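Ready for some practice in reading a protein structure? Keep the sequence and the 3D view open, and try each exercise before you read its solution.

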Amino acid sequence: MVRKSSIHIEKASIGEFYHNSREKKTENSIFSTKDNYCSLKAKEAMELYFNELKKRTELYQKRTGKKLHKKTITLFSAIINLNEKHTKEDLEKIVRFIEKRYNTKVIQYSIHKDEGHIDENGNPVINYHAHILFMGIDNEGVSVRRKMDRKDLITLQDEIAKLLNMPRGVNYTQEKKKRPKRLNTYEYKRAMKLKNDEVAKLKKELEKEKNLRKQTEEENRKLKKDLFLKDAEIRKLELTKKGLEKRIQKLRNQMKDYNKLQEENEQYKIFTKEDYQTLSQIKKLLKVTELKDINHMLNEFENSIKEKIRKKQLKLIEKHSTEIGILNKEKVVKTSTAKTIIKSTTSTKKDYGKEFIDAVFRVKQLHNELKVEKEKNKSLKEQIKILKNENVKLKIERDYEEMENASNENNISESIDLKENSKKGKTTSNKKSDIDI
């Protein structure tokens, strides 16, 4: 993009001496300062400015007979657009032109090639420009501001463009366009700072959005995984549900088969309308009740079915056994064998024939025999208890007799000892009497 010529003159402060010489930190100085140029250090420029100000103030007072007005501009700053090819020699042409045009003195001038910004694509955009600080009171003590009317400033723009060999900027007066507001140095700095802050904020937001997008993608992956697991669980539950539905249907078919079997054997039906309704209610609960509870209900229902079948079979067997009178004729079989036969006949796929009847009565006979044996065992225990008591009694009596016998023997022994002692006493007395004589 071709840079256009432009010069903007505004009131300056002595602080700009430090800005131009880069002795004061500049936030917009984001590139290398090695290609910058400044004619004087800030301290030297300030000494020169105050010396000139003193002289020109005296000239003003001598000319007007009045003190310098407080609002009189004593220092101007001219900001000039440049391009990357311009040198200090090019700027010195402008310095001489301004001094001659306004009959004043330039205090300090500088070229800056370190300011600018980084665009959205990350490319450096350098703001090549120059600063010229010159006295606001001319060499004769006249205010320079009085010379800067609209016509003068328009001509000034034309002359600067020619001196720098650059295309002129927009002539708003000639083109009858509204002039945009021009920012002074400090306003420009604030604007650039705001712009840089905005760029930094946008970068931060972009980074935040990037992290958020990454987090969202991670959450989406997690949600997809959770959804997959949930679908798998649902499929598993559906399979379990289907399994329970099949089990319900199987129970219903078994109940029908058993009732049909009863009819074929000219017996009344075991399962009633209420049983089928109960099974239907369990099936309806599949939609609103947990499957584990349904499974428990089916287990209870199935156990009730088996119990009902067992009771009906036992009644039929008792009736059948009474009619044919086979109870006392059957041989006893092992209990485990009988239980196996009974277990096998609880299925609705088997008929309850003579084998089942025999097995039931064998078990019943074994139960009766076991009961008889228990009675015998009880009787034997009572007899054993009686015998034990009698044995204890006999033992006591025997011990008593032994004690009596031992006592009699002791008495006899004592009497014999007394007799022997009396005899010995008599003999001793006789001998003593002989001695005395």
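**Exercise 1. Find which residue in strand 4 is the bridge partner of Cys 38, then describe how strand 2 and strand 4 are joined.**

Step 1. Start at Cys 38, whose bridge partner in strand 4 is Ser 110. Keep in mind as you look that this is a predicted model.

Step 2. Now take Tyr 37: its bridge partner in strand 4 is Ile 111.

Step 3. Put the pairs in context: strand 2 and strand 4 (residues 106–112) run antiparallel and are joined by two bridges.

**Exercise 2. Follow Ser 77 to the residues it stands opposite, in strand 1 and in strand 7.**

Step 1. On one side, Glu 10 stands opposite Ser 77 of strand 3. Strand 1 and strand 3 are antiparallel and pair over five bridges.

Step 2. On the strand 7 side, Ser 77 stands opposite Leu 133. Here seven bridges hold the antiparallel pair of strand 3 and strand 7 (residues 129–135).

**Exercise 3. In what order do the five strands lie in the open sheet, and which of them stand at the edges?**

Step 1. One pairing is still needed: strand 4 and strand 7 run antiparallel and pair over six bridges. As an example, Tyr 109 stands opposite Ile 132 in strand 7.

Step 2. Chain the pairings together, and you get an open, antiparallel sheet of five strands in the order 1-3-7-4-2.

Step 3. Look at the ends of that order. Strand 1 (7–11) and strand 2 (37–38) each have a single partner strand, so one side of each has no neighbour in the sheet.

**Exercise 4. How many residues of strand 3 are buried, and how many of strand 4?**

Step 1. Use the cut-off: a residue is buried when its relative accessible area is under 20%.

Step 2. In strand 3 (residues 75–81), six of the seven residues are buried.

Step 3. In strand 4, seven of seven residues are buried. Each of these strands is therefore described as mostly covered.

**Exercise 5. Is Glu 397 buried, partly exposed or exposed, and which residues gather with it in a patch?**

Step 1. Locate Glu 397 in helix 9, which covers residues 354–436.

Step 2. Its relative accessible area is 38%. Buried means under 20% and exposed means over 50%, so Glu 397 counts as partly exposed.

Step 3. Look around it on the surface: Glu 397 gathers with Asp 399, Glu 401, Glu 402 and Glu 404 in a patch of negative charge.

Definitions and conventions. Residues numbered from 1 in each chain as written. Predicted model: local features only at pLDDT ≥ 70, side-chain atom pairs only at ≥ 80, totals over all residues. Heavy atoms only, no water. Patch = residues over 30% accessible without salt bridge, like charges linked within 9 Å, V, L, I, M, F, W, Y side chains within 5 Å. Areas by Shrake-Rupley, 256 points an atom, 1.4 Å probe, with all protein chains shown as cover. Salt bridge = Lys/Arg side-chain N within 4 Å of Asp/Glu carboxyl O. Lys, Arg positive; Asp, Glu negative; His and termini not counted. Charge placed at Lys NZ, Arg CZ, Asp CG, Glu CD. Helix = DSSP H or I, 4+ residues; strand = E, 2+ residues; numbered from the N terminus. Buried < 20%, exposed > 50% of the residue type's maximum accessible area, 1.4 Å probe, protein only. Pairing = 2+ DSSP bridges.
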